[in-house]
Amino acid sequence: MAYDALVLVSFGGPERPEDVLPFLQNVTRGRGVPPERLAEVVEHYQHFGGVSPINQQCRDLLAAIRADFAAHGVDLPVYWGNRNWDPMLADTVARMRDDGITTALALVTSAYGGYSSCRQYQEDIAKARAAVGPAAPVIEKLRQFWDHPGFVEPHADAVRAALGRLDPAKRATTRLVFTAHSVPVSAAANAGPHGGRYTAQLAEVARLVHAAAAPDLPYDLVWQSRSGPPQVPWLEPDVNDHLAALAEAGTTTAVVVSPIGFVSDHLEVVWDLDTEALATARQLGLDFARAGTPGTDPRFVAMVRELVAERTEPGGERLRRRLGELPLWDTCPTVCCVPARRP
Ligand SMILES: CC1=C(CCC(=O)O)c2cc3nc(cc4[nH]c(cc5[nH]c(cc1n2)c(C)c5CCC(=O)O)c(CCC(=O)O)c4C)C(CCC(=O)O)=C3C
Ligand SMILES: [Fe+2]
């Protein structure tokens, strides 16, 4: 298959105080998030002057991908469009059409399967193409990359670096706490062609990062950033409750919190972990170091080029680099991740 562009598809975030509410309305439209929760989240964004870091992180990633492509003779223009805020994906797809693009690959800024991480981005692409009309380019999502070394190794190095910031005298009572975005229990059950893939992939990445970074330490996988109405069950425990349970048990004095669910230090990281979870740890008397995310790590950027090569080189499937053992699929069956359509 010949492709004439790559498009980075991301979540989007506001960059001005007056954009926070309309952005949040885009995110939560039709999803039953209570107004009290929305009001709280407005405050999280306003704490940072109404500027989410995520768009600048996408610009930095774009620049890094373009430089890497140029250095390796990959002659593909790279576009960028978001689910929830400017640049909106439909506007980007219109521009791609105007530029004569006919068949593009898409990199989404989530490594995992599941509705919010994978299927919803495919719906975003389908909606944007429908809005542009019949001349819209075909856009194929690159495979999920949770266990690619270009994603796992930067996380593992970040855990090592975070451990280096903690008191070595407390090493024997230090614990790794891996986090990912919580999702409704029903969404987790439906993730992937046979269900349960979001949590299974995260458990695999936690295992791989732990083994690479600090196999001598105990570790856990917990959840953060719960949304939705209180009566709907979401994945638990929450990272804050987990820290309280560790402090209560009395055998932990320090934690490294590693957000393996994410590719960059966006608001869910700088608020929910660096602000909230840090405050929780302080209150509990636990030392706390937050590990970084891949961001623009050269290995992560090179991974993007490798994922493209898997699709463009002859016999490209053989180029797949993976550290894990869970089944992999390039394209999702139509029944994937959508409860109503699962048999
Ligand atoms: C699995 C998952 C990822 C990881 C995959 C991926 O990265 O895509 C993710 C990422 C992100 N989530 C983000 C922000 C928000 N998520 C919300 C709400 C929700 N997230 C959900 C799931 C996920 N979310 C779900 C099931 C909801 C409930 C509403 C719904 O069913 O859709 C809300 C609404 C308010 C609230 O938090 O209640 C906000 C503001 C940002 C941007 C941060 C920034 O601005 O820097 C990012 C990267
Ligand atoms: Fe979210």
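This is a short chat about two annotated residues and a helix pair in a predicted model.

Student: Which residues does the UniProt annotation "binding site" cover?

Tutor: Ser52 and Tyr121, according to the unreviewed UniProt entry. Ser52 sits in the loop between α2 (35–47) and α3 (54–71), while Tyr121 belongs to helix α5 (residues 115–132).

Student: What makes Ser52 count as buried?

Tutor: Count the C-beta neighbours: Ser52 has 25 inside 10 Å. The cut-off for buried is 20 or more, so Ser52 makes the grade. Leaving aside residues up to four places away in sequence, Ser52 touches Gly13, Pro14, Glu15, Tyr45, His266 and Leu267.

Student: And how do you know whether Tyr121 is buried or exposed?

Tutor: Run the count again: Tyr121 has 22 C-beta neighbours inside 10 Å. Buried starts at 20 and exposed needs 12 or fewer, so Tyr121 is buried. With the residues up to four places away in sequence left out, its contacts are Val9, Arg83, Val108 and Lys141.

Student: Back to α5, then. Why are α4 and α5 called oblique to each other?

Tutor: Helix α4 (residues 89–98) packs on α5 at about 55°, with the axes 8 Å apart. Roughly parallel means under 35 degrees, and roughly perpendicular runs from 65 to 115. An angle of about 55° fits neither of those, nor the over-145 antiparallel class, so the pair is oblique. By class, the contact has eight nonpolar, no polar and three charged residues.

Student: Which residues of α4 meet α5?

Tutor: Leu89, Ala90, Val93, Ala94 and Arg97 do, and on the α5 side the partners include Asp124, Ile125 and Ala128.

How values were computed:
Residues numbered from 1 in each chain as written. Chains lettered and ligands numbered in written order. Predicted model: local features only at pLDDT ≥ 70, side-chain atom pairs only at ≥ 80, totals over all residues. UniProt positions renumbered as here; feature names shortened; annotations may be inferred. Helix = DSSP H or I, 4+ residues; strand = E, 2+ residues; numbered from the N terminus. Contact = placed C-beta atoms within 7 Å. Axes fitted to C-alpha atoms, helices over the stretch in contact; angles between N-to-C directions. Nonpolar A, V, L, I, M, F, W, Y, C, P; charged D, E, K, R; others polar.
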